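Here is a short report on one protein model. Keep the sequence and the 3D view side by side as you read.

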Amino acid sequence: MFTWGNLVSQMFNGLVLGALLALISSGLTIIYGTLGVLNLAHGAMFMVGGYAGYLVFEGTGSFPLAILGGALFVMILGVAIERLIIRHFYDRPPEDQMLVTFGLAICLVELVRFLFGSLSKSVPPPAWGQGVTQLGFMLYPTYRLAVVGIVALALGALYVVLYRTRLGMIVRAGIEDAVMVDSLGINVFRIFMVVFGIGAMAAGFAGIVNAPVVSLSPDMGEAILVQTFVVVVIGGVGSFPGAILGGLIAGQILSITSMINPGYSYVMLFAAMTLVLLVRPRGLFGPRSRD
């Protein structure tokens, strides 16, 4: 039943979901924009980050350490995957890259299923995030509000790395013209390794931050991967601001449509993507070309 109270509540839910999608998509878009690799294992990285944080939380009882541990583990995993596997596929056709990352995703999912089983795991919110907050016009779960702040800080840190550091300058130059960056004598393979690690870390960070909101399961990365790709297309491949705006748009579409008819949430999401592609084929903030 539609009420204004439900609408406002769903808009807040959409803000939380959109913030998470923005963080995950930012990692995916800088990987593709810099490396040219369509990483179908990105959703699995999100899932692995949640489980790694769950292990740290079980061992320490500290939620901040769980966030740190989950993010660092996925960053190290991403660096290892880039060095051992992805690096050998940069000059291969795109379909080879897609197949190998898809295979990696399956391996990661089945490994987690083998280690933890198929039953879902849960991480309780920290003490400061429990209960509800009185917003004046409604009550809303405190931790969900905290998620928006945590993700905003993470996106702010990514912004500083991309726009205020030498590494970020090289990454953004690589998105515009990777050949020119290589011709300047910069070790592009080292940059690629760092970029892949940072992109994976963004997904892993989101995975553990989202764990108190949605229970962990080995298949949780599949749905988030589809949503993330739509966000990247809407925002523009390789665009960090586009990933943020696209995530917020997608979060509101999914949340508000679910209030009316959950069966049409994905229909409306893909309809929005189609509309954007018709008006702006490169996405809202997509660069003109990678070549």
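Start at Leu-155. Its relative accessible area is 11%, so Leu-155 counts as buried, the cut-off being under 20%. The model is a predicted one. Leu-155 sits in helix α5, which covers residues 142–164. Now look for Pro-241. Leu-155 and Pro-241 are 86 residues apart in sequence. In space, their C-alpha atoms are 10.0 Å apart.

**Two further pairs**

Next, find Ala-66. This residue belongs to helix α3. Ala-66 is buried, with a relative accessible area of 0%. Its partner here is Phe-205. The two are separated by 139 residues in sequence, and by 9.5 Å from C-alpha to C-alpha.

Then turn to Met-273. Helix α11, residues 265–279, holds Met-273. Is Met-273 buried or exposed? Its relative accessibility is 16%, so Met-273 counts as buried. Met-273 and Val-230 lie 43 residues apart in sequence. Their C-alpha atoms are 6.5 Å apart in space.

The table sets the three pairs side by side.

| Pair | Apart in sequence | C-alpha to C-alpha |
|---|---|---|
| Leu-155 and Pro-241 | 86 residues | 10.0 Å |
| Ala-66 and Phe-205 | 139 residues | 9.5 Å |
| Met-273 and Val-230 | 43 residues | 6.5 Å |

**A patch on the surface**

Go back to helix α3, which runs over residues 63–84. Leu-72 is found in this helix. Is Leu-72 buried or partly exposed? Leu-72 has a relative accessible area of 36%, so it is partly exposed. Leu-72 also helps to make a nonpolar surface patch, together with Leu-65 and Leu-68. The area of this patch is about 250 Å².

**Salt bridges**

Charged side chains come next. Side chains of opposite charge can pair when their charged atoms come close. How many salt bridges does a search of the whole structure find? The search finds 4.

One of them joins Arg-87 to Glu-82. Their closest N and O atoms are 3.2 Å apart. Take each partner in turn. Glu-82 has 0% relative accessibility, so it counts as buried. Arg-87 has 24%, so it counts as partly exposed.

Asp-96 and Arg-92 also meet in a salt bridge, at 3.1 Å from N to O. Arg-92 has a relative accessible area of 42%, which makes it partly exposed.

Now move to helix α4, residues 94–116. Here Glu-110 and Arg-113 form a salt bridge, with 3.4 Å from N to O. How are these two placed along the helix? They are 3 residues apart, so about one helical turn separates them. Glu-110 counts as partly exposed because its relative accessibility is 41%. Arg-113 counts as partly exposed too, at 22%. The linking does not end with this pair. Glu-110, Arg-113 and Asp-219 are joined in a network of salt bridges.

**The largest pocket**

Last, look for open space. The largest pocket holds about 420 Å³. Three elements each give two or more residues to its lining: α1 (4–35), α9 (220–235) and α10 (240–260). Which of the elements gives the largest share of the lining? That is α1, with 5 residues.

In total, 18 residues line the largest pocket. Nearest its centre lie Leu-17, Asn-210, Val-214, Ile-224 and Gln-227. What kinds of residue make up the lining? There are 10 nonpolar, 7 polar and 1 charged.

Methods. Residues numbered from 1 in each chain as written. Predicted model: local features only at pLDDT ≥ 70, side-chain atom pairs only at ≥ 80, totals over all residues. Heavy atoms only, no water. Patch = residues over 30% accessible without salt bridge, like charges linked within 9 Å, V, L, I, M, F, W, Y side chains within 5 Å. Areas by Shrake-Rupley, 256 points an atom, 1.4 Å probe, with all protein chains shown as cover. Salt bridge = Lys/Arg side-chain N within 4 Å of Asp/Glu carboxyl O. Helix = DSSP H or I, 4+ residues; strand = E, 2+ residues; numbered from the N terminus. Buried < 20%, exposed > 50% of the residue type's maximum accessible area, 1.4 Å probe, protein only. 1 Å grid on protein atoms, 1.4 Å probe; cavity = no way out; pocket = protein on both sides within 12 Å on 5 of 7 lines; lining within 4 Å. Points joined across faces, edges and corners; volume = space filled by probe spheres on them. Nonpolar A, V, L, I, M, F, W, Y, C, P; charged D, E, K, R; others polar.
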